[in-house]
Amino acid sequence: QVQLVESGGGLVQPGGSLRLSCAASGSIYMIYDMGWYRQTPGKQRDLVATIDRRSNSNYADFAKDRFTISRDNAGNTVYLQMNSLKPEDTAVYYCKCNVLRSRWRSAEDYWGQGTQVTVSS
């Protein structure tokens with residue numbers, strides 16, 4: 001199996017920063033795309049940013065210029081640096097990894113349990 005453990009969420013004032021981490025462990029041969037998504041109650045889960053193995057990244061419009069996604073391939077970890085946070089960034093943030101567990105299997109998506117980010121004064 002594969003486990004994704006997120007950390008780094010919490011309460012921050014508007015204009016502040018947080019750094020989220022997501023570490024993947026378990027039966028992993030290789031991780032392809034890694035990404036962050038967010039969800040608020042009653043709404044769908046939205047893309048925040050994704051990054052491939054070569055560190056090519058893609059951002060939602062609201063994340064451009066404020067958020068930075070990065071990854072450590074050796075450590076199977078993906079990060080999200082969030083700056084200039086706004087109250088509307090309040091959400092549960094989830095990481096997703098596309099994991100190849102062996103050369104004889106197809107890659108599958110795995111999700112973390114989510115970490116709460118609250119931006120409030």
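**View 1. Arg38 and Asp89 form a salt bridge in this predicted model.** Look for the closest N and O atoms of Arg38 and Asp89, which sit 2.9 Å apart. The pair brings together distant parts of the chain: Arg38 belongs to strand E4 (residues 30-39), whereas Asp89 is in the loop between strand E8 (77-82) and strand E9 (91-100). In sequence, the two are 51 residues apart. Both ends are tucked away: Arg38 is buried, at 12% relative accessible area, and Asp89 is buried too, at 1%. With the cut-off for buried set at under 20%, Arg38 qualifies because its value is 12%.

**View 2. Arg66 also reaches Asp89 in a salt bridge.** Here the N to O distance is 2.7 Å. Arg66 comes from the loop between strand E6 (57-59) and strand E7 (67-72), and Asp89 from the loop between E8 and E9, so this bridge ties together parts of the chain that are 23 residues apart in sequence. Arg66 is buried, with a relative accessible area of 12%. Zoom out a little and the pieces join up: Arg38, Arg66 and Asp89 are linked in a network of salt bridges. The structure holds five salt bridges in total.

**View 3. Lys96 and Asp109 make a salt bridge between two strands.** The closest N and O atoms of this pair are 3.8 Å apart. Lys96 lies in strand E9 and Asp109 in strand E10 (residues 108-111), so the contact ties together parts that are 13 residues apart in sequence. Is Asp109 buried or partly exposed? At 44% relative accessibility, Asp109 counts as partly exposed. Asp109 has a second role in this view, as the bridge partner in E10 of Asn98.

**View 4. Strand E9 and its pairing partners.** Which strands pair with E9 in the antiparallel sense? E4 does so over eight bridges, E10 over four, and strand E11 (residues 115-119) over three. To find your way along the E4 side, start from Ile31, which stands opposite Val99 in E9. For the E11 side, use Val92, whose bridge partner in E11 is Gln116. Eight of the ten residues of E9 are buried, so the strand is largely enclosed by the rest of the structure. As a reminder when reading side chains here, in a regular strand they alternate between the two faces of the sheet.

**View 5. Val12 and the residues around it.** Val12 is part of strand E2 (residues 10-12). Val12 is buried, with a relative accessible area of 11%. Setting aside neighbours within four places in sequence, which residues are in contact with Val12? They are Ser17, Leu18, Leu85, Thr118, Val119 and Ser120. For a sense of scale, pick out Gly114 as well: Val12 and Gly114 are 102 residues apart in sequence, and their C-alpha atoms are 17 Å apart in space.

How values were computed:
Residues are numbered from 1 along each chain as its sequence is written. This is a predicted model: local features need pLDDT of at least 70, side-chain atom pairs count only at pLDDT 80 or more; totals for chains, interfaces and linings use all residues. Side-chain values use heavy atoms; hydrogens and water are left out. A salt bridge is a side-chain nitrogen of Lys or Arg within 4 Å of a carboxyl oxygen of Asp or Glu. Buried means under 20% relative accessible area, exposed over 50%, partly exposed in between (1.4 Å probe, protein chains only). Two strands pair if DSSP finds at least two bridges between them. Contact means heavy atoms within 4.5 Å.
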